[in-house]
Amino acid sequence: MAGRGENAEAETWYRRAATAGDTDAMTGLGVLLARRGEKAEAETWYRRAATAGDTDAMTGLGVLLARRGEKAEAETWYRRAATAGNTDAMFNLGLLLARRGENAKAETWCRRAATAGDTSAMNNLAVLLTRRGENAEANAWRRRAADAGDTSAMNNLAVLLTRRGNNAEAETWCRRAADAGNTGAMYNLGVLLARRGENAEAETWYRRAADAGNTGAMYNLGVLLARRGENAEAETWYRRAADARHASAMNRLAALDAETVAWRRFARKSDV
C-alpha cells in the first residue's frame, strides 16, 4: 500500500512538472504509466519528451512501438537515441537488428554499448561473437559482464564452463547468479548438484526455480521425486511443466497414462 501511495504522489508531481514543459518529468510519467499498463497515455508523454530531444523518452517510445509490432518506427527512435549516446537505445537497436539477421550491424551497436559499460550489451555481444566463432573475445565479454554483476552473463558463463568440464568454477558462477535470483542459474545449479549425487540441495534449488516458473526445474524436480517414490507430487510437477509446453514432461505424462491404462486392463483380466 505504501508503494501505491508513493507512486500516486510521484505521478502528481510528474504531471505538474510535465504540464509545465519539463521533459524529464514527461519521461518519468511515461515510465510510470507504462509500468501499470496505461500504454496509450505513456506513449503520448514519451512522444512529447522524445520530440523535445530526451533520449530516454526516445528509447521508451521505441520499446512501446516494438512491443506492438511497429518495428520500423521503433528503429527510428532507437537510432536517434543511440546516435546521441544512449546506451539502452544502442542495446535495443542491436537486439532489433540481430533478430532480423543483421548481425554485423547489431554487433556494432552492442559493442558501443558494451564499451560504455552496459552489461546486457556485453552479454549479447558475446552471443553474437560466439555465432561467428570468436570464442575467446566472446568469453572475455561474458566475464566482464559477470564480474560487473550481470546474472544472465554469470549463468551463461557457467553453462560454457560446464561444457568444458570445469564444473567447480561453473558452480561458483551458478551460485552467485542463483543467490541473486536468476532462475536459470537455480536450475543449472540443481543439475550440477544432482549429477554428483547431492540430491537434497539439488531439490532445494529445483523447487526455488520451479516456484518461479522454470519449466526445466519443474520437470527435473518431478524426476527426482519419482526416483524416491513420491509419485503423486512428481506427477503434479510433470503436469505443471507440461501445461507450460515442456516436451519431456508431456512425454512422461503420456507414459504414465499408458501405464495406468495397461494396469487397468490387466486388473480387469485378472478379475475374470
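The exercises below, each with a worked solution, go through parts of one predicted protein model.

Residues are numbered from 1 along each chain as its sequence is written, and side-chain values use heavy atoms, with hydrogens and water left out. Because this is a predicted model, local features need pLDDT of at least 70 and side-chain atom pairs count only at pLDDT 80 or more, while totals for chains, interfaces and linings use all residues.

**Exercise 1. Confidence**

Find the mean pLDDT of the protein, and the residues over which pLDDT stays under 50.

Solution. Begin with the term itself: pLDDT is the predictor's confidence in each residue, from 0 to 100. The mean for the protein is 92, and 92% of its residues reach 70 or more. Next, look at residues 260–264, where pLDDT stays under 50 and where the model has 0 contacts beyond four places in sequence, a contact being heavy atoms within 4.5 Å. Where pLDDT is low, the predicted coordinates should not be read in detail.

**Exercise 2. Two residues in one loop**

Decide for R245 and for H246 whether the residue is buried or exposed.

Solution. First place the residues: R245 lies in the loop between α15 and α16, and H246 lies in that loop too, with α15 covering 231–243 and α16 covering 247–271. Helices here are DSSP runs (H or I, at least four residues), numbered from the N terminus. Then apply the cut-offs, by which buried means under 20% relative accessible area, exposed over 50%, and partly exposed in between, with a 1.4 Å probe and protein chains only. R245 counts as exposed because its relative accessibility is 67%, whereas H246 is buried because its relative accessible area is 17%. Finally, add the surroundings: leaving aside neighbours within four places in sequence, H246 is in contact with T215, G216, Y219 and A241. The backbone of R245 also deserves a note, since this residue has a positive phi of about 75° although it is not a glycine.

**Exercise 3. The nonpolar core**

State how many residues the largest nonpolar core has, and which of them have the most contacts inside it.

Solution. A nonpolar core is a set of buried Ala, Val, Leu, Ile, Met, Phe, Trp, Tyr and Cys residues joined through side-chain atoms within 4.5 Å. The largest one has 78 residues, and those with the most contacts inside it are W141, W173 and Y206. To follow one of these further, take W173, which, leaving aside neighbours within four places in sequence, is in contact with R143, A146, D147, M154, L157, A158 and L161. Y206 appears again in the list for N220, a residue of helix α14 (residues 215–227), which is in contact with Y187, V191 and Y206 when neighbours within four places in sequence are left aside. N220 counts as buried because its relative accessibility is 18%.

**Exercise 4. Two helix pairs**

Describe how α7 packs with α8, and then how α11 packs with α12.

Solution. Two packed helices are described by the angle between their axes and the distance between the axes. Axes are lines fitted to C-alpha atoms, for helices over the stretch in contact, and angles run from 0 to 180 degrees between N-to-C directions. Helix α7 (residues 103–115) and helix α8 (residues 119–131) pack at about 145°, with their axes 8 Å apart. On the α7 side the residues that meet α8 include N103, C110 and R111, and on the α8 side they include M122, N124 and R131. By class, this contact has 9 nonpolar, 2 polar and 3 charged residues; Ala, Val, Leu, Ile, Met, Phe, Trp, Tyr, Cys and Pro count as nonpolar, Asp, Glu, Lys and Arg as charged, and the others, Gly among them, as polar.

For the second pair, the axes of helix α11 (residues 167–179) and helix α12 (residues 183–195) come within 8 Å and cross at roughly 145°. The residues of this contact divide into 9 nonpolar, 2 polar and 2 charged.

**Exercise 5. A residue of α6**

Work out whether L97 is buried or exposed, and which residues L97 is in contact with.

Solution. L97 is found in helix α6 (residues 87–99), and counts as buried because its relative accessibility is 0%. Leaving aside neighbours within four places in sequence, L97 is in contact with E75, R79, E102, K105, A106 and W109. As for M154, its C-alpha lies 24 Å from that of L97, and the two residues are 57 apart in sequence.
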